[in-house]
Amino acid sequence: MEDIDRITEMHQSYIQSWHPREYFERLVDVEEPLVLVAEQAGKIVGYSACRAELELAHLVSMGVCPLERTKGIGSGMTLAMVVLAKERGFSAIYGHVRGSNTAARQLYRKTGFHMEWVDEYEDGDEKWEFWQRLETNFNKMDKFLLSFV
Ligand SMILES: CC(C)(COP(=O)(O)OP(=O)(O)OC[C@H]1O[C@@H](n2cnc3c(N)ncnc32)[C@H](O)[C@@H]1OP(=O)(O)O)[C@@H](O)C(=O)NCCC(=O)NCCS
């Protein structure tokens, strides 16, 4: 519960259209939550949260506290989330990011996501989708396709 308080506090401090605490409670209150936190000296300095949507892991929120940014924490958590989603058997992981969010776009690109412009937000900012097929399934498909070559 303290973790959820900290995640909510971090999220609300830097996201324009922020979610209430109940949003994060619901993400954690499932059989196998897809929520990771990064800790330093016992304090949460970053979080990454996905929601399961059938075979897809939807990365709905992530953040690193301002003082700890550009140190690799965001990339590390994202890579860990990809591994977790893969282990749980999801076929892909995806999410949306604002065109103006240079840091997040760079992070997702760097951690192996494809980026595609899909829409606009209400305020006119570009809406980009980032997505990545998860290796286990990709490998199976790859082997299947290779068997025809
Ligand atoms: C986006 C965010 C999570 C990145 O976390 P982070 O810990 O700073 O990320 P990393 O240190 O792993 O950096 C990842 C890449 O992004 C780049 N980056 C980070 N901040 C940047 C910035 N302000 N401008 C440009 N690039 C930036 C880094 O340089 C790095 O790329 P590189 O290794 O090629 O240099 C963090 O800025 C944040 O919490 N932002 C507010 C919340 C948010 O936007 N969440 C995402 C919503 S989709």
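**Exercise 1. Determine which residues come nearest to the ligand, and describe the shell around the ligand**.

*Solution.* Step 1. The shell around the ligand holds 19 residues, and those that come nearest are Arg69, Gly74, Ser75, Ala103 and Gln106. The structure is a predicted model.

Step 2. Next, assign the shell to elements. At least two residues each are supplied by E3, helix H3 (73-87) and helix H4 (102-110). H4 gives the largest share, 6 residues.

Step 3. Finally, sort the shell by class. Nonpolar residues number 8, polar residues 8 and charged residues 3.

**Exercise 2. State the order of the strands in the sheet, and identify the edge strands**.

*Solution.* Step 1. The sheet is open and consists of 6 strands, in the order E1-E2-E3-E4-E6-E5, with mixed pairing.

Step 2. Strand E1 (34-40) and strand E5 (114-120) are the edge strands, since each of them pairs on one side only.

Step 3. From one strand to the next, the twist averages 25°.

**Exercise 3. Find how many bridges join E1 to E2, and examine the hairpin of E1 and E2**.

*Solution.* Step 1. E1 and E2 run antiparallel and are joined by 7 bridges.

Step 2. One pair of bridge partners is Gln40 and, in E2, Lys43.

Step 3. The hairpin of E1 and E2 has 2 residues between the strands, and Ala41 adopts a positive phi near 50° there.

**Exercise 4. Describe how E6 pairs with E4 and with E5**.

*Solution.* Step 1. Consider strand E4 (residues 92-98): this strand pairs with E6 in the antiparallel sense, over 7 bridges. His96 has Glu129 in E6 as its bridge partner.

Step 2. Now turn to E5. E5 and strand E6 (residues 126-133) also run antiparallel, and 6 bridges join them. Opposite Glu126 in E6 stands Glu120, while Asp119 stands opposite Lys127 in E6.

Step 3. Between the strands of the E5 and E6 hairpin there are 5 residues, and Gly124 takes a positive phi near 95° in this hairpin.

**Exercise 5. Establish where helix H1 lies relative to the strands**.

*Solution.* Step 1. Helix H1 (residues 2-14) lies across three elements: E1, strand E2 (43-53) and strand E3 (56-64).

Step 2. Relative to E2, H1 runs at about 90°.

**Exercise 6. Classify the packing of H1 against H2, and explain why the two helices count as oblique to each other**.

*Solution.* Step 1. The axes of H1 and helix H2 (residues 21-28) come within 9 Å, crossing at roughly 130°.

Step 2. Angles of 65 to 115 degrees count as roughly perpendicular and those over 145 as roughly antiparallel. The angle of roughly 130° belongs to neither group, and H1 and H2 are therefore oblique to each other.

Step 3. The crossing in which H1 passes H2 is right-handed.

Step 4. H1 contributes Ile4, Ile7 and Thr8 to the contact, and H2 contributes Arg21, Phe24, Glu25 and Val28. By class, this contact of H1 with H2 comprises 4 nonpolar, 1 polar and 2 charged residues.

Key. Residues are numbered from 1 along each chain as its sequence is written. This is a predicted model: local features need pLDDT of at least 70, side-chain atom pairs count only at pLDDT 80 or more; totals for chains, interfaces and linings use all residues. Two strands pair if DSSP finds at least two bridges between them. Helices (H or I, at least four residues) and strands (E, at least two) are DSSP runs, numbered from the N terminus. Axes are lines fitted to C-alpha atoms, for helices over the stretch in contact, and angles run from 0 to 180 degrees between N-to-C directions. Two residues are in contact if their C-beta atoms, placed from the backbone, lie within 7 Å. A residue is near a molecule or strand if its C-beta atom, placed from the backbone, lies within 6 Å of it. Ala, Val, Leu, Ile, Met, Phe, Trp, Tyr, Cys and Pro count as nonpolar, Asp, Glu, Lys and Arg as charged, and the others, Gly among them, as polar. Angles under 35 degrees count as roughly parallel, over 145 as roughly antiparallel, 65 to 115 as roughly perpendicular and the rest as oblique. A crossing is left-handed if the near helix is turned anticlockwise from the far one by less than a right angle, and right-handed if clockwise.
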